[in-house]
Amino acid sequence: MPEYSLVYTATFKRHLKLTRAKYHSLIRKALEEQLQFDPTVPTRNRKPLKKPMAIRAEWELRFGPKNRFRVFYAVEGEEVILLAFAEKRGNRLFIGGEEVKL
């Protein structure tokens, strides 16, 4: 099975900086474990989006404490393009510190 390379977009890095540093290693580990192999195989926490987002994301990965973190990504060839990082607080979703309606 091929190994996919993770491509961190500038937007994704900016979103990540808004997340508390204590979660950064957890986030990196989850991305490597979940997305380097079979990023387009649906699982309980990895799903194709029902409707495409404005940021061109096709997939969503959920992880972290109470599944509070979301990564929106697309797959092109053997690259996983990390497009947005979000945090779920209650029933509200925040990308880059701003609430987003899905």
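How far apart are the mean positions of the positive and negative charges of the protein?

## Charges and surface

In this predicted model, the protein carries 21 positive and 12 negative charges, and the mean positions of these two sets are 11 Å apart. The accessible surface of the protein comes to about 6,500 Å², and carbon and sulfur atoms account for 50% of that area.

## Overall build

The protein has two helices and seven strands, and when these elements are read along the sequence they follow the pattern β-α-α-β-β-β-β-β-β. Taken along the principal axes, the box filled by the C-alpha atoms is roughly 35 × 30 × 25 Å. For 102 residues, a compact globule would be expected to have a radius of gyration near 13 Å, and the value for the protein, 13 Å, agrees with this.

Of the 102 residues, 38% are buried. Among the contacts in the protein with a separation of 6 or more, 46% are made by residues that stand 24 or more positions apart.

## Helix H1 and its two sides

Which residues of helix H1 are buried? They are Phe-12, His-15 and Leu-16, and because they cover an arc of only 100 degrees around the axis, they sit on the same side of H1. A general feature of the α-helix helps to explain such a pattern: there are 3.6 residues a turn, so residues three or four places apart point the same way.

The face of H1 that is turned away from the buried side carries the exposed residues Ala-10, Arg-14 and Lys-17. On the buried side, the cover over these residues of H1 includes strand S1 and helix H2, together with strand S4 (69–76), strand S5 (79–89) and strand S6 (92–95).

## Two loop residues

Thr-9 and Pro-42 both belong to loops, and they can be taken in turn. Thr-9 has its place in the loop between strand S1 (5–8) and helix H1 (10–17). Is Thr-9 buried or exposed? Its relative accessible area is 19%, and because the limit for a buried residue is under 20%, Thr-9 counts as buried. Not counting residues up to four places away in sequence, Thr-9 touches Ile-81, Leu-82 and Leu-83.

Pro-42 lies in the loop between helix H2 (24–35) and strand S2 (46–48). With a relative accessible area of 53%, Pro-42 is exposed, since the limit for that term is over 50%. When its neighbours within four places in sequence are left aside, Pro-42 is in contact with Pro-48 and Trp-59. Pro-42 and Trp-59 are 17 residues apart in sequence, while their C-alpha atoms are 9.1 Å apart in space.

Technical notes. Residues numbered from 1 in each chain as written. Predicted model: local features only at pLDDT ≥ 70, side-chain atom pairs only at ≥ 80, totals over all residues. Heavy atoms only, no water. Helix = DSSP H or I, 4+ residues; strand = E, 2+ residues; numbered from the N terminus. Rg over C-alpha atoms; globule rule 2.2 N^0.38 Å. Buried < 20%, exposed > 50% of the residue type's maximum accessible area, 1.4 Å probe, protein only. Contact = heavy atoms within 4.5 Å. Areas by Shrake-Rupley, 256 points an atom, 1.4 Å probe, with all protein chains shown as cover. Lys, Arg positive; Asp, Glu negative; His and termini not counted. Charge placed at Lys NZ, Arg CZ, Asp CG, Glu CD. Arc of directions from axis to C-beta.
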